[in-house]
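These exercises are to be worked through with the sequence and the 3D structure at hand. Try each task before reading its solution.

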Amino acid sequence: MSRRLRILIGCMLLVFALQAQEMPQTNLIWGLEAGAHFFISDLNSQWPVRQSQNPYYGSYNYDNTLYSDANGWQVAVKPEYRFGKKGMFGITSGIQFGQLNTEVSKDGYFFLRYSNDEITEFARVVSMQEKSSYLGIPVVFRYSPLQTRGFGLYGKAGFEFNFQVSSKLDVEFLNSEMEAREQEILEKFDTQTNRFYSTFFWSVGMKLGKPGQLNLNMEILLPSAVLTSNNSALVDLDGFSGFHISLQAPLQIFVKSRQ
């Protein structure tokens, strides 16, 4: 385990310790969250690709006839500290695990140019896919201007600070015999990515449930920003939107259930 990863995990444990010991139980809300992000992406300029003679157009982002697609998902444990009148304001942190998926593909195939012993060659490629996993800490601020007994509206703004724990790049060739040369071809390109991945996002959402009980939150992410660069070897990430769904309950519910 790297020194940076140990420091990140230590910070996460410290966040939990501070929230559990220093905050009043009546103001501390525990939450489980899941969500998905959908990115605006463009093909990274390092890849020398050429189209086949069978163009096809679609609804994704594409470079001529090439599609570039980027999306991600995450799950998180997010305690929230509420303050102000009726808990109008909230600060959330915690720990999250997520995955960033990027792909360059075509209906048919495209040519990937590479050099081998000063000879230029072309590989016929159906798609290139990259999957990167992250462990991170969110820091989120919430404002709830409208709250009734069973319904509420809120807005959020926050940051995500993530550390890459794994990453894998795969190439699907038109000719299956080329699979044996995949690593050899990839070594011709710079596939190293930034191990730190950070975003800024803001969202609007609604809460269903009565105070002091289990609540369901659903929120839509407004156009948000990726703060770091080189987070994918395949594409450049220009921004994202998405959604989050979470369940929240006051800490005292769990404390009472154990008594």
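A residue is called buried when its relative accessible area is under 20%, exposed when it is over 50%, and partly exposed in between. The model used here is a predicted one.

**Exercise 1. Overall content**

Task: State how many helices and strands the protein has, and what share of its residues count as buried.

Solution. Step 1: the secondary structure consists of three helices and twelve strands. Step 2: the protein has 259 residues, and 44% of them count as buried. Step 3: the accessible surface comes to about 14000 Å², with 57% of it belonging to carbon and sulfur atoms.

**Exercise 2. Following the strand order**

Task: Starting at strand S7, find which strands pair up to S11, and in which sense.

Solution. Step 1: S7 (residues 95–116) pairs with S8 in the antiparallel sense over 17 bridges. Ser-105 stands opposite Ser-127 in S8. Two residues separate S7 and S8 in a hairpin, and Asp-117 in the turn has a positive phi of about 55 degrees.

Step 2: S8 is joined to S9 (residues 151–173) by 20 bridges, and these strands run antiparallel. Here Tyr-134 has Gln-164 in S9 as its bridge partner. The hairpin between S8 and S9 passes through three residues.

Step 3: S9 and S10 (residues 196–208) pair in the antiparallel sense over 13 bridges. The bridge partner of Gly-155 is Val-204 in S10.

Step 4: S10 pairs with S11 (residues 215–226), again in the antiparallel sense, over eight bridges. Thr-199 is matched with Val-226 in S11. This hairpin has six residues between its strands, and Gly-209 in the turn has a positive phi of about 135 degrees.

**Exercise 3. The salt bridge of Glu-219**

Task: Identify which residue forms a salt bridge with Glu-219, and decide whether Glu-219 is buried or exposed.

Solution. Step 1: the partner is Lys-156, with the closest N and O atoms 3.2 Å apart. Step 2: Glu-219 lies in strand S11 and Lys-156 in strand S9, so the pair ties together parts that are 63 residues apart in sequence. Step 3: Glu-219 has a relative accessible area of 2%, so Glu-219 is buried. Step 4: Lys-156 has a relative accessible area of 13%, so Lys-156 is buried.

**Exercise 4. A network of charges**

Task: Find which residues are linked with Glu-80 in a network of salt bridges.

Solution. Step 1: the side chains of Glu-80 and Arg-142 meet in a salt bridge of 2.7 Å, N to O. Step 2: Glu-80 is in strand S5 (residues 80–83) and Arg-142 is in strand S8, 62 residues apart, and the pair links distant parts of the chain. Step 3: both Glu-80 and Arg-142 are buried. Step 4: the network consists of Glu-80, Arg-82 and Arg-142. Arg-142 also has a place in strand pairing, as Gly-90 stands opposite Arg-142 in S8.

**Exercise 5. Two residues compared with the cut-offs**

Task: Decide whether Ser-68 counts as buried or exposed, then classify Phe-243.

Solution. Step 1: Ser-68, in strand S4 (residues 66–77), has 5% relative accessibility and therefore counts as buried. A polar atom of its side chain lies 3.2 Å from the backbone oxygen of Ser-41. Step 2: Phe-243, in strand S12 (residues 235–250), has 33% relative accessibility and therefore counts as partly exposed. Step 3: Phe-243 helps to make a nonpolar surface patch of about 440 Å², together with Phe-38, Val-204, Ile-220 and Ile-245.

Technical notes:
Residues numbered from 1 in each chain as written. Predicted model: local features only at pLDDT ≥ 70, side-chain atom pairs only at ≥ 80, totals over all residues. Heavy atoms only, no water. Helix = DSSP H or I, 4+ residues; strand = E, 2+ residues; numbered from the N terminus. Buried < 20%, exposed > 50% of the residue type's maximum accessible area, 1.4 Å probe, protein only. Polar contact = N/O pair within 3.5 Å; in protein donor to acceptor, adjacent residues only side chain to side chain. Patch = residues over 30% accessible without salt bridge, like charges linked within 9 Å, V, L, I, M, F, W, Y side chains within 5 Å. Areas by Shrake-Rupley, 256 points an atom, 1.4 Å probe, with all protein chains shown as cover. Salt bridge = Lys/Arg side-chain N within 4 Å of Asp/Glu carboxyl O. Pairing = 2+ DSSP bridges.
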